[in-house]
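Trainee: I am new to this structure and would like a close look at one part of it. Could you walk me through some of the salt bridges?

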Amino acid sequence: MRTYLVLVCSILIVFSAYGQSESSELWSGYTLKFKINKKWRAELEQQIRATDQLQGIRSAFAEMGVRYKITDYLNLKPQLRYSVNNGQRNEFRFSLDANVEWNFKKWNLRPKYRFRFQNTTVDYTGENKTLLRNQFELAHNLSRPVDPYVEYENFYRLNLKNEVRNHRYTFGLEWKLNRDIDLKTFIRADREVNIKRPDKQNILGLELSFDL
């Protein structure tokens with residue numbers, strides 16, 4: 001009972017912080033996962049990103065990828081994404097992830113690291129933006145229905161100047177709704193750096209995941 005009370009209070013705090021933010025977004029979507037065999041898994045993700053306190057849609061995308069399990073701790077995932085941007089140019093993106101995950105059952109901790117190579121091409125102009133992204137996550141096995149996690153990610157741009165362009169800080173909850181359905185809820189601070197007019201966004205996320 002105490003665990004559920006703490007979780008409810010955490011969600012209320014997240015929604016309160018989101019509502020008071022001057023520059024905020026809501027990211028909502030779902031991922032379908034299909035296990036092909038012990039090594040391969042196909043994934044399809046769709047997401048909508050609303051901005052201006054939910055008064056407008058900033059972008060929507062569809063992404064397809066396949067995950068290849070090398071060991072119990074390491075897997076690779078190439079993926080393709082097409083994004084439709086409101087008031088901006090649409091984008092096509094290719095990325096390749098290397099994911100490493102450990103599970104320290106003695107301390108109920110699951111550290112993760114993701115390295116991503118990402119190249120985005122703008123429709124019509126052919127403009128390219130290439131990034132290296134480093135993501136660090138630490139999850140705590142709190143209880144059967146839900147686990148909290150914290151996450152940090154940086155974006156390093158290779159085009160033009162080689163420099164860090166973004167920092168992301170995330171606090172979230174992973175909910176196990178049933179055997180095949182998971183829900184992630186999170187609040188995220190996204191901060192641009194090394195540009196003249198850096199953007200600052202506070203993001204609320206709701207992501208469903210289905211194992212088919």
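Trainee: To begin with, are Arg110 and Glu174 buried or exposed?

Mentor: Happy to help! First, a word on the model: it is predicted, so local features need pLDDT of at least 70 and side-chain atom pairs count only at pLDDT 80 or more, while totals for chains, interfaces and linings use all residues. Residues are numbered from 1 along each chain as its sequence is written, and side-chain values use heavy atoms, with hydrogens and water left out.

Now to your pair. Arg110 is buried, and Glu174 is buried too; buried means under 20% relative accessible area, exposed over 50%, and partly exposed in between, with a 1.4 Å probe and protein chains only. Arg110 and Glu174 form a salt bridge, with their closest N and O atoms 3.5 Å apart. The term stands for a side-chain nitrogen of Lys or Arg within 4 Å of a carboxyl oxygen of Asp or Glu. Because Arg110 sits in strand β6 (residues 109-122) and Glu174 in strand β9 (residues 163-176), the pair ties together parts that are 64 residues apart in sequence. Strands here are DSSP runs (E, at least two residues), as are helices (H or I, at least four), and both are numbered from the N terminus.

Strand β6 has another charged residue to look at. Arg114 forms a salt bridge with Glu153, and the closest N and O atoms are 2.7 Å apart. Arg114 lies in strand β6 and Glu153 in strand β8 (residues 146-157), so this pair ties together parts 39 residues apart in sequence. Arg114 counts as buried because its relative accessibility is 13%. Glu153 is buried as well, with a relative accessible area of 2%.

Strand β8 leads us to one further pair. Glu151 forms a salt bridge with Arg188, the closest N and O atoms lying 3.2 Å apart. Since Arg188 belongs to strand β10 (residues 181-192) and Glu151 to strand β8, this salt bridge ties together parts that are 37 residues apart in sequence. Arg188 and Glu151 are both buried.

Finally, let us step back. The structure holds 19 salt bridges. Elsewhere, a network of salt bridges links Arg41, Glu43, Arg67 and Lys77. The protein chain has one helix and 11 strands, and the helix comes before the strands when you read from the N terminus. Of the 212 residues in the protein chain, 36% are buried.
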